[in-house]
Amino acid sequence: MRVGLIAVSGVRVVNERLVRLGVTLPGFVERARVIASMPSLGLLTLAAVTPPEYDVSYVECPELDADALASRDFDIVAVSSFTAKADVMYAIADFYRARGTTVVLGGLHCTLLPDEAATHADAVVVGEGELLWPRVLDDWRAGRLQRVYRNGSFQDVALGDRPVPRYDLLDPAAYNRFPIQTSRGCPLDCEFCAASKIFGGYKRKPIEQVARELAAIATVAKHPFVELADDNTFVEKRWSRQLVATLAAAQVHWFTETDVSVAEGPSLLDALADSGCRQVLIGFESPDRESLAGIEAHDWKARQHGRYLRAIDEVQRRGVSVNGCFILGLDQHTPDVFSAVERFVKASGLMEVQVTVLTPFPGTALYRRLRAEGRLLREQYWDRCTLFDVNYRPKRMSVEDLEQGLEYLMGALYTAQEVERRRRLYLDAVLDKRRNRSCTVPAT
Ligand code: B12
């Protein structure tokens, strides 16, 4: 029995001006390359729980390519996609169903909208797949496939004692980063969150399981760069220190996403620096405190604002770069936010920066609020859930202001000259020349 695991990969941006601008900007192109060459950990995880009697293949499919798909015959396919490319996932599903192949859909988007997904599938899996996928295969063999499969709760899937993702299915030459997940979810409660709150909470992997997964990556890639597919890695600091020690022992270079509390104590930071950690991505969300109020149920992010610059400095001067993320179009934002982000980035010494627009992904609290306020621009806009396309009416500026502001910032932050300037500044900081620099942003 041949099982095809099909990942709808690649980046999408719909706004044509941005597409044209993006291909010319080195800072943007670089990240797009990284994104395009990461495999789907969700599907490699399903492969790990597929019984050995099945013959499993992993296929990347950025667009519907009927000829390429027709050359691969499967008895059943599992297809996974995020919202931005749900239309491609459905086209692939329709293609296989027309050929008589059984189609199972799952992943974040299908978890958000299972009824929509069910119109293109023989079965839809809602939530985490580890426990459900073997049952789906059993039911399929027995001719009793159900339309929808769900876990009882997020807590049903323990993250320890699981088979390790099947990294051996990958052609190592095709990937420059290998994903590994050490925790799932995040305890913060951000209104726009399209992952943690959908699945339902926060949990960590036992360190021994992480070590097993790192060992599995080592068997397929000699000097791997590992990207942690976590929502917020350093929530629990004692476990974090053990995790960092385990990554150090594996002798990999690695990247992860965290909140600003990573910079709270020197011992974790010193360990990070010695562990091969190359970059941490931190969601600063906005350069001003006022706009942070209300985005998170307990205003934790707003209370951290005063620590932003110090945190960037603490991390970067140890030789770990910070990729600072800013969301444009929060309710408090006026068109002044664009120059404020530019000033913050330039004054902070951030080595890398990511600017995206507020995005009401289906199923989020933000989606429900903006819908209730009549602020969504379209009823159905999943192909525009790219983080670069505007799908709602901002509160204190026009849609055009937001689109043009994003374009302006990309032009200001991602040119070869600016990327190089930030890199040089960062290297200076690492060399300790900037240790005593004052941490203030020029006033507006
Ligand atoms: C790693 C990551 C990436 C990698 C993805 C690599 C890849 N090919 O999968 C890269 C860097 C490439 C990436 C790109 C993008 N990402 Co991203 N990414 C993540 C991150 C941090 C972790 C995803 C992950 O690996 N999780 C671990 C695995 C094990 O979990 P999983 O994929 O959910 O799979 C489990 C279940 O969903 C289920 N399952 C999954 N698929 C299937 C299929 C079947 C058939 C079954 C039965 C079950 C099943 O079982 C799995 C095991 O439990 C998430 C945050 C998050 N927590 O999801 C954001 C996230 C998924 N990304 C997001 C976005 C927006 C993007 C981009 C659109 C940004 C952009 N404009 O470029 C692109 C989209 C690329 C595309 N192809 O569409 C959003 C998506 C929101 C949404 N509703 O779509 C998230 C949630 C972050 C956020 N902003 O909140 N991303």
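Student: At what angle do the axes of helix 10 and helix 11 cross?
Tutor: This is a predicted model: local features need pLDDT of at least 70, side-chain atom pairs count only at pLDDT 80 or more, and totals for chains, interfaces and linings use all residues. Residues are numbered from 1 along each chain as its sequence is written. The axes (lines fitted to C-alpha atoms over the stretch in contact, with angles from 0 to 180 degrees between N-to-C directions) come within 10 Å for helix 10 (residues 207–220) and helix 11. Their crossing angle is roughly 20°.

Student: Are helix 10 and helix 11 roughly parallel or antiparallel?
Tutor: Angles under 35 degrees count as roughly parallel, over 145 as roughly antiparallel, 65 to 115 as roughly perpendicular and the rest as oblique. The crossing angle here is roughly 20°. Helix 10 and helix 11 are therefore roughly parallel.

Student: Which residues of helix 11 make the contact with helix 10?
Tutor: Helix 10 passes helix 11 in a right-handed crossing (the near helix turned clockwise from the far one by less than a right angle; anticlockwise is left-handed). Contact requires C-beta atoms, placed from the backbone, within 7 Å. Helix 10 brings Ile207, Val210, Ala211 and Leu214. Helix 11 answers with Gln242, Leu243 and Thr246.

Student: How many residues of the contact of helix 10 with helix 11 are nonpolar?
Tutor: Ala, Val, Leu, Ile, Met, Phe, Trp, Tyr, Cys and Pro count as nonpolar, Asp, Glu, Lys and Arg as charged, and the others, Gly among them, as polar. No charged residue takes part, and two are polar. The nonpolar residues number five.

Student: How far apart are the axes of helix 11 and helix 12?
Tutor: Helix 11 spans residues 237–249 and helix 12 residues 266–274. They pack at about 15°, which makes them roughly parallel. Their crossing is left-handed. The axes lie 9 Å apart.

Student: How many charged residues are in the contact of helix 11 with helix 12?
Tutor: Lys237, Ser240, Arg241, Val244, Ala245 and Ala248 of helix 11 meet Leu268, Ala271, Leu272 and Asp274 of helix 12. Six of the contact residues are nonpolar and one is polar. The charged ones number three.

Student: Which residues of helix 18 touch helix 16?
Tutor: Helix 16 (residues 336–348) and helix 18 (residues 399–413) pack at about 20°, with axes 9 Å apart. The crossing is right-handed. Helix 16 supplies Phe338, Val341, Glu342 and Val345. Helix 18 supplies Gly405, Tyr408, Leu409, Ala412 and Leu413.

Student: Which element gives the largest share of the shell around the ligand?
Tutor: Of the 42 residues around the ligand (C-beta atom, placed from the backbone, within 6 Å), Gly42, Ser80, Gly106, Gly107 and Gly129 come nearest. Two or more residues come from each of helix 3 (41–48), strand 3 (76–80), strand 4 (102–106) and helix 6 (108–112). The largest share is four residues, from helix 3.

Student: How many nonpolar residues are in the shell around the ligand?
Tutor: Four residues of the shell are charged and 13 are polar. The nonpolar count is 25.

Student: How many strands does the chain have?
Tutor: Helices (H or I, at least four residues) and strands (E, at least two) are DSSP runs, numbered from the N terminus. The chain has 19 helices. Its strands number 14.

Key. Contact = placed C-beta atoms within 7 Å.
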